[in-house]
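Visitor: I am new to reading protein structures. Could you take me through one, a step at a time?

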Amino acid sequence: MEKFYLTTPIYYVNGQPSIGHAYTNITADIIARYQRMIGNEVFFMTGTDENSQKNVEAAEKAGRADDIQGYLDEMSALWQQSFDTLGLTHDRFIRTTEADHKKAVEKFWQAVDAKGDIYKGEYQGLYCTGCEAFVTESELVEGKCQIHKRAPESIKEENYFFKLSNYRQALLDHIEKNPDFIMPKSRRNEVVSYIDKFMTDISITRQSMKWGIPAPGDANQRIYVWFDALINYLTGVGYGTDDQRFEKWWPANLHLVGKDIIKFHCALWPAMLMSAGLPLPKQVLAHGFFTIDGEKMSKSLGNVIDPLPIVQDYGNDALRFFLMREIRLGEDGDFSLSRLAERYDGELANELGNLVHRVLSMTEKYFEGEIPERAEQTAKAEAMKNYQANMDEFRLPDALEAVWKIVREANQFIELKKPWVLAKNEDLHELSDTMYLSLETLRVLAWLINPFMPETAVKILTKLGLDPGTEFAQDYFSGLTWGKLAPGGKIDKGEALFPRREE
Ligand code: MSP
């Protein structure tokens with residue numbers, strides 16, 4: 001058994017979760033469920049990033065200027081509820097206003113300071129609150145940040161700086177020696193060129209800010225939100241509060257992030273860790289963005305899609321399935337409700353739903369609902385190997401495609417064998433083999449589908465007359481051994497897996 005520590009970004013609470021945020025966390029949830037399924041000990045963390053100027057502005061706008069903490073509490077609770085409704089299985093929902101996080105940030109700051117990497121200087125430049133980042137003239141178009149369509153503030157103040165540029169060569173070396181550190185590979189060049197050409201020391205405090213964690217030893221300065229936020233990955237596993245836990249879990253196996261924040265995770269963060277003398281995370285995986293009709297989803301455009309009504313209409317499993325089917329990990333894609341309806345009707349109701357339905361109906365009809373004698377088969381070994389290799393390397397859509405190949409082949413197998421003809425001709429041996437192979441395929445499918453569509457996996461097992469708790473308590477590799485489905489068991493057809501939708 002190995003440990004697997006997995007994180008998502010922590011989110012600003014100036015708005016509600018969108019389908020984009022849900023995509024990140026559902027992807028992470030699939031990885032976490034798979035890792036648990038193959039027997040690893042998992043710690044999966046998500047949460048909210050609360051010491052941000054953006055949040056303060058949102059609180060002010062909501063008339064809560066004198067109750068920022070109350071506003072943050074409510075908003076963070078809303079994120080937690082959404083993630084619960086989505087059926088996510090994170091082990092901790094961290095908030096950067098929590099006491100243990102402040103402790104971790106202080107300890108971290110002191111370690112970096114002791115290394116001689118913090119110095120006081122004058123910062124003069126531009127800051128975009130939308131990005132929560134310092135920006136340069138060259139990044140603006142007509143004086144405005146291109147992402148947030150607004151002019152950055154001009155700032156001139158005494159700040160503490162972090163000697164980021166000290167780590168240029170060490171970062172480049174690390175990326176070169178660890179080809180899997182930044183995934184997908186297509187993102188690596190972007191990071192390397194930033195480190196090589198543009199990375200400079202950065203200001204890590206703000207004097208003018210009223211919200212945020214005070215800089216140790218200088219209460220007039222608040223720590224820059226990204227410097228504080230990244231440290232959440234350490235806080236969550238006990239840094240500064242529980243050394244033993246920290247030893248056990250750090251470094252993270254995987255930071256899953258969106259492509260928008262890759263520089264923070266692949267340049268600033270590893271440099272911070274090097275400075276504090278801590279090991280680096282094994283991998284940063286950056287996924288692409290969902291757009292709406294080709295446009296970025298944003299509050300100002302008014303095109304933000306809320307995942308919860310979709311879940312009400314289609315269920316969690318259908319949303320998870322759709323998100324994994326629709327874009328390849330790392331690439332962008334457009335989110336469309338009509339595509340969701342198409343995939344639901346086509347792949348879920350017609351292909352998987354119908355497969356389960358017909359196999360169970362025929363078992364009822366020809367064997368009075370009893371699982372027939374075992375039959376041997378070997379053909380799925382290849383698809384299963386393929387599934388596993390893709391899951392191990394986080395190519396979730398490819399793994400799901402391997403599963404769908406099995407679904408389609410199982411449907412074709414029935415078309416080919418024509419159990420109804422076998423029954424008519426009283427070819428009972430062939431009929432029994434055909435039905436056993438089909439039923440056992442459903443059991444194997446329940447395992448493979450489980451990380452992607454956990455509710456569906458449970459339903460399939462129940463229909464096969466198995467107890468999902470007992471079935472999934474088995475070791476994955478023995479659970480997947482062919483022939484585990486015991487002859488003589490009674491199936492329970494029940495309701496359709498994916499009911500036809502009303503228009
Ligand atoms: N608070 C920082 C992250 C700190 S991590 C130490 C932040 N927060 S955020 O609220 O802006 O969330 C950004 C993340 O949300 C992206 O990296 C991505 O994971 C997710 N997404 C937001 N919109 C998205 C899409 N439209 N599509 C896919 N993912 C999206 O940045």
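Visitor: Into which domains is the chain divided?

Guide: Keep in mind that this is a predicted model. Its secondary structure comes to 20 helices and 18 strands. The centres of the two parts, taken over C-alpha atoms, are separated by 41 Å. The division is into domain 1 (3–304) and domain 2 (337–479).

Visitor: How many residues of domain 1 are in contact with domain 2, and how many of domain 2 with domain 1?

Guide: A contact here is a pair of heavy atoms within 4.5 Å. By that cut-off, the count for domain 1 is twelve residues, and the count for domain 2 is 13 residues.

Visitor: What is the radius of gyration of the chain, and what does the globule rule give?

Guide: The C-alpha atoms fill a box of roughly 90 × 45 × 40 Å along the principal axes. The chain has 503 residues, and its radius of gyration is close to the value from the rule, so it is as compact as a globular protein of that length. The radius is 26 Å, and the rule gives 23 Å.

Visitor: What share of the residues is buried?

Guide: A residue counts as buried when its relative accessible area is under 20%. The accessible surface of the chain comes to about 21900 Å², with 48% of it belonging to carbon and sulfur atoms. Of the 503 residues, the buried share is 57%.

Visitor: Is H255 buried or exposed?

Guide: H255 sits in strand β14 (residues 254–258). Leaving out residues up to four places away in sequence, H255 touches several others, including T7, Y233, W250 and L285. The cut-off for buried is under 20%. H255 has 0% relative accessibility, so it counts as buried.

Visitor: How far apart in space are Y123 and S203?

Guide: Y123 belongs to strand β4 (residues 118–128) and is buried, at 12% relative accessibility. S203 is among the residues that Y123 touches, along with F134 and I155. In sequence Y123 and S203 are 80 residues apart, but from C-alpha to C-alpha the distance is 7.0 Å.

Visitor: Which helices do the buried residues of α18 pack against?

Guide: Helix α18 covers residues 454–463, and its buried residues are P454, T456, A457, I460, L461 and K463. Just after this helix, G465 has a positive phi of about 80 degrees. The helices packed against are α1 (19–37), α12 (316–326), α13 (337–367), α17 (428–449) and α19 (468–473).

Visitor: Which residue forms a cis peptide bond with W250?

Guide: Most peptide bonds are trans. One cis bond runs from M183 to P184, with omega near -10 degrees, and P184 is in the loop between β9 (182–183) and α6 (188–198). Another cis bond, with omega about 5 degrees, joins W250 to P251.

Visitor: What is the phi of F394?

Guide: Most residues other than glycine have a negative phi. E132, in the loop between β4 and β5 (133–135), has a positive phi of about 50 degrees and is not a glycine. F394, in the loop between α14 (381–392) and α15 (396–417), is buried with a relative accessible area of 9%. The phi of F394 is positive too, near 65 degrees.

Technical notes. Residues are numbered from 1 along each chain as its sequence is written. This is a predicted model: local features need pLDDT of at least 70, side-chain atom pairs count only at pLDDT 80 or more; totals for chains, interfaces and linings use all residues. Side-chain values use heavy atoms; hydrogens and water are left out. Helices (H or I, at least four residues) and strands (E, at least two) are DSSP runs, numbered from the N terminus. The radius of gyration is taken over C-alpha atoms; the globule rule is 2.2 Å times the number of residues to the power 0.38. Buried means under 20% relative accessible area, exposed over 50%, partly exposed in between (1.4 Å probe, protein chains only). Accessible areas come from the Shrake-Rupley method with a 1.4 Å probe; for residues, only the protein chains shown count as cover. Domain bounds come from an automatic or database domain assignment.
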